[in-house]
Amino acid sequence: MKKCVCTVCGYAYDPAVGDPDNGIAPGTAFDALPDGWACPTCGVGKDLFEPE
Ligand SMILES: [Zn+2]
């Protein structure tokens with residue numbers, strides 16, 4: 001699965017890791033993240049992420 005990078009702060013979402021601090025289990029594809037998910041470091045929405 002591909003990583004996606006936040007265009008604002010550079011945080012990279014890695015599907016292999018997920019976002020456990022925000023309830024996202026490892027193995028969750030970026031496209032499968034809930035619409036309300038936001039960048040854990042700067043808080044922007046999924047629309048400001050791009051494929052790495
Ligand atoms: Zn960010």
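Contact, on this tour, means heavy atoms within 4.5 Å. The model is predicted, so local features need pLDDT of at least 70 and side-chain atom pairs count only at pLDDT 80 or more, while totals for chains, interfaces and linings use all residues. Residues are numbered from 1 along each chain as its sequence is written, and side-chain values use heavy atoms, with hydrogens and water left out.

**Stop 1: Thr28**

Select Thr28, in the loop between β2 and β3; strands are DSSP runs of E with at least two residues, numbered from the N terminus. Leaving aside neighbours within four places in sequence, Thr28 is in contact with Tyr13, Pro15 and Leu33. Its relative accessibility is 19%, so Thr28 counts as buried (buried is under 20% relative accessible area, exposed over 50%, partly exposed in between, with a 1.4 Å probe and protein chains only).

Now show the side chain of Thr28: it reaches the backbone oxygen of Ala25 at 2.7 Å.

**Stop 2: Ala25**

Move to Ala25, which is found in the loop between β2 and β3. Ala25 counts as partly exposed because its relative accessibility is 44%. Try a distance label from here to Phe49: the two C-alpha atoms are separated by 19 Å, with these positions 24 residues apart along the chain.

**Stop 3: Lys46**

Next, pick Lys46, in the loop between β2 and β3. What is the nearest side chain of opposite charge to Lys46? It is Asp35, 4.5 Å away, and the buried Lys46 has no salt bridge (a side-chain nitrogen of Lys or Arg within 4 Å of a carboxyl oxygen of Asp or Glu). For charge, Lys and Arg count as positive and Asp and Glu as negative; His and the chain ends are not counted.

The Lys46 side chain does reach the backbone oxygen of Phe30, at 3.5 Å. Beyond its neighbours within four places in sequence, the contacts of Lys46 include Phe30, Leu33 and Trp37.

**Stop 4: the zinc ion**

Finish by centring on the zinc ion, coordinated by the SG atoms of Cys6, Cys9, Cys39 and Cys42 at 2.3 to 2.4 Å. Donors are N, O and S atoms within 2.8 Å of the metal (3.2 Å for Na, K and Ca). Along the chain, the donors follow the spacing C-x2-C-x29-C-x2-C. Cys6 lies in strand β1 (residues 4–6) and Cys39 in the loop between β2 (12–13) and β3 (49–51), so this pair ties together parts 33 residues apart in sequence.

The four donor atoms subtend angles of 104 to 116° around the zinc ion, which makes the arrangement tetrahedral (for four donors, all angles between 85 and 135 degrees). Cys6 is buried at 2% relative accessibility, and Cys39 is buried with a relative accessible area of 4%.

Conventions: Tetrahedral: all angles 85-135°; square planar, octahedral: opposite > 155°, others 65-115°. Helix = DSSP H or I, 4+ residues; strand = E, 2+ residues; numbered from the N terminus. Polar contact = N/O pair within 3.5 Å; in protein donor to acceptor, adjacent residues only side chain to side chain.
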